[in-house]
2 protein chains.
Amino acid sequence: MSEVLYVVGHKNPDTDSICSAIAFAYLWNEWKKKGILAQMKMPELEAVPVRQGEPNAETKFVLEKFGFSVPEMMTDGAGKKVALVDHSDVVQSVDNFAQAEVVAVVDHHKIGDVATPNPICFVNLPVGCSATTLKFLFDKTGVEIPKNIAGIMLSAILSDTVIFKSATTTPMDKTAGEELAKIAGVEDLTKLGIEVKSKLSDVSGMAVRDIIMRDYKDYNMSGKKVGAGQIEVIDLSLIEGRKDEIYNELVKMKQEGGYHSIVFMLTDIMKEGTELFVVTDEPALIEKAFGKKIEGKGMWLDGVMSRKKQVIPPLEKAFAG
Amino acid sequence: MSEVLYVVGHKNPDTDSICSAIAFAYLWNEWKKKGILAQMKMPELEAVPVRQGEPNAETKFVLEKFGFSVPEMMTDGAGKKVALVDHSDVVQSVDNFAQAEVVAVVDHHKIGDVATPNPICFVNLPVGCSATTLKFLFDKTGVEIPKNIAGIMLSAILSDTVIFKSATTTPMDKTAGEELAKIAGVEDLTKLGIEVKSKLSDVSGMAVRDIIMRDYKDYNMSGKKVGAGQIEVIDLSLIEGRKDEIYNELVKMKQEGGYHSIVFMLTDIMKEGTELFVVTDEPALIEKAFGKKIEGKGMWLDGVMSRKKQVIPPLEKAFAG
Ligand SMILES: [Mn+2]
Ligand SMILES: [Mn+2]
């Protein structure tokens with residue numbers, strides 16, 4: 001039996017990291033059969049998808065819907081040959097990274113600090129999802145995409161691009177999504193997208209602190225401690241009943257953590273906007289940042305969906321004076 | 001006028017670094033016209049090829065043969081947007097690299113330490129030449145290769161792969177070369193290859209120390225200082241008249257530099273072998289490394305063309321005992 005190539009996404013995996021690992025492992029094995037590995041003298045390994053952590057509810061739904069079992073867990077890279085998908089940063093990669101041999105990288109992020117001692121296949125496109133980069137590679141190397149693989153690739157794109165609404169979405173993601181939908185026999189992309197994204201929208205069973213901390217970061221803004229969290233839901237009515245609880249928890253966190261301000265984004269995917277909860281020592285500063293008055297728990301920001309691109313920059317500017 | 005993207009190869013440029021800069025600049029501008037940049041939301045810059053150093057005699061010949069002028073010199077990256085070809089190591093890249101913005105990378109080497117703050121297009125294939133990676137990108141994005149661009153891409157491949165004889169050559173380089181030859185109207189690839197490679201074979205006007213130092217490196221082998229240089233010529237008869245002079249200079253260098261050993265590879269491209277000059281404190285050790293006796297100035301090593309792959313490893317093993 002030939003040696004194994006472990007195809008692995010980043011730590012704390014999302015749907016793209018797990019589905020693109022499955023898709024790239026399939027593609028690699030097709031490259032082997034078709035002699036494409038040989039054309040570039042790449043090692044003729046047998047690729048197997050793995051994961052570095054528990055799949056979330058969204059990913060479990062996607063795998064089940066398209067008939068895949070959850071890949072095996074693999075966190076230690078020591079002595080293994082690996083292909084990375086959806087990341088090129090050592091800190092996000094397998095443990096004992098220095099003792100792993102990286103054979104290939106397929107990604108869509110900024111270029112990280114993965115360096116190699118030998119030439120490898122490294123393809124990163126500045127698109128919204130690793131599965132879009134993979135779609136390019138399938139097409140351009142003449143490998144047909146099986147129906148179920150198309151289904152999980154499409155789901156990864158819908159997930160990463162928030163149903164083509166995120167600021168990171170490119171026309172190439174849309175084209176890839178439409179073509180994959182045809183192959184997968186998915187007639188209504190938006191319907192599938194809503195189904196996929198709604199899996200993480202259900203917070204009914206979650207403790208309030210877990211809802212807030214699922215995606216939360218601290219920032220230092222001109223010497224002031226600022227916290228910023230986000231939850232994306234398919235429809236804000238889904239968390240209507242938790243809003244008071246969330247707001248009160250933010251007030252508590254602000255006191256306990258010595259924050260100047262905490263903002264928390266309740267992003268409505270379908271309405272394409274964010275209800276921004278604000279607890280702060282200087283309401284006027286936050287109002288200046290977004291050009292809106294705080295009413296009740298905060299403000300509605302139409303068209304705002306990205307913390308990185310649409311919330312942090314105006315805040316930093318306002319704090320800088 | 002739109003902003004400029006400087007497409008640049010590595011420092012101390014070879015034919016691939018300069019020809020692939022010209023070819024990628026052309027490809028980028030076609031991507032702009034065809035809307036391919038827009039598909040990935042890449043910046044719609046006007047690409048211009050530049051170089052970080054003097055073209056060597058081989059590169060000058062290639063540019064002239066296919067009707068290109070020498071690209072402008074550009075060594076300082078500060079405040080500029082750049083696309084890198086034929087390298088992804090900061091040390092080989094433009095000065096003030098930290099103040100440059102890297103927009104794309106096309107390469108065929110090991111992955112270096114170039115990291116970026118944003119997602120970019122980064123395509124590295126484990127093939128023999130950057131122009132082979134570019135041929136893949138031209139074909140797969142549906143851009144026709146003009147006749148003269150095909151000529152310099154073909155020349156870069158013939159140069160980097162030593163007319164398809166180097167250990168780094170892949171079947172993909174050969175296929176790319178053959179297809180480019182058709183476009184360029186080159187009937188005899190080997191003839192063009194010999195013409196290209198012979199330009200650096202002419203050492204008649206060079207000082208002996210310059211011949212030796214053109215490609216020379218120091219190594220520490222189990223605590224012993226070892227030097228290893230190489231000259232590749234199309235036919236060893238071209239340097240027949242300089243052999244005594246070269247050998248005597250090596251003897252001098254060994255004394256002056258406190259070396260345990262110096263080996264110097266006189267590689268015959270067409271015969272696919274190397275005459276290895278040896279000056280050493282322990283002839284038996286070098287003989288053990290290559291399983292051959294030293295006769296006269298050294299030994300003939302059939303099939304040996306790569307210092308990195310075929311000379312340094314057996315030496316290191318012998319020195320390690
Ligand atoms: Mn992703
Ligand atoms: Mn090269």
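## A salt bridge in chain B

B:Asp95, with a relative accessibility of 36%, counts as partly exposed (between 20% and 50% relative accessible area, with under 20% buried and over 50% exposed, for a 1.4 Å probe and protein chains only), and B:Lys11, at 30%, is likewise partly exposed. These two residues form a salt bridge in which the closest N and O atoms are 2.8 Å apart, the term requiring a side-chain nitrogen of Lys or Arg within 4 Å of a carboxyl oxygen of Asp or Glu.

## Basis of the model

The model is predicted, so that local features need pLDDT of at least 70 and side-chain atom pairs count only at pLDDT 80 or more, whereas totals for chains, interfaces and linings use all residues. Residues are numbered from 1 along each chain as its sequence is written, chains are lettered from A and ligands numbered from 1 in the order in which they are written, and side-chain values use heavy atoms, with hydrogens and water left out.

## Other salt bridges

Over all chains, 46 salt bridges are found in the whole structure. One of them joins B:Glu287 to B:Lys293, with the closest N and O atoms 3.5 Å apart; B:Glu287 is buried at 16% relative accessibility, while B:Lys293 is exposed at 59%. In chain A, a network of salt bridges links A:Arg209, A:Glu249, A:Lys252 and A:Glu256.

## Between the domains of chain A

Chain A comprises domain 1 (4–198) and domain 2 (208–320), with bounds from an automatic or database domain assignment. Two salt bridges cross the interface of these domains, and A:Glu232 and A:Lys197 meet through their side chains in a salt bridge of 3.7 Å, N to O.
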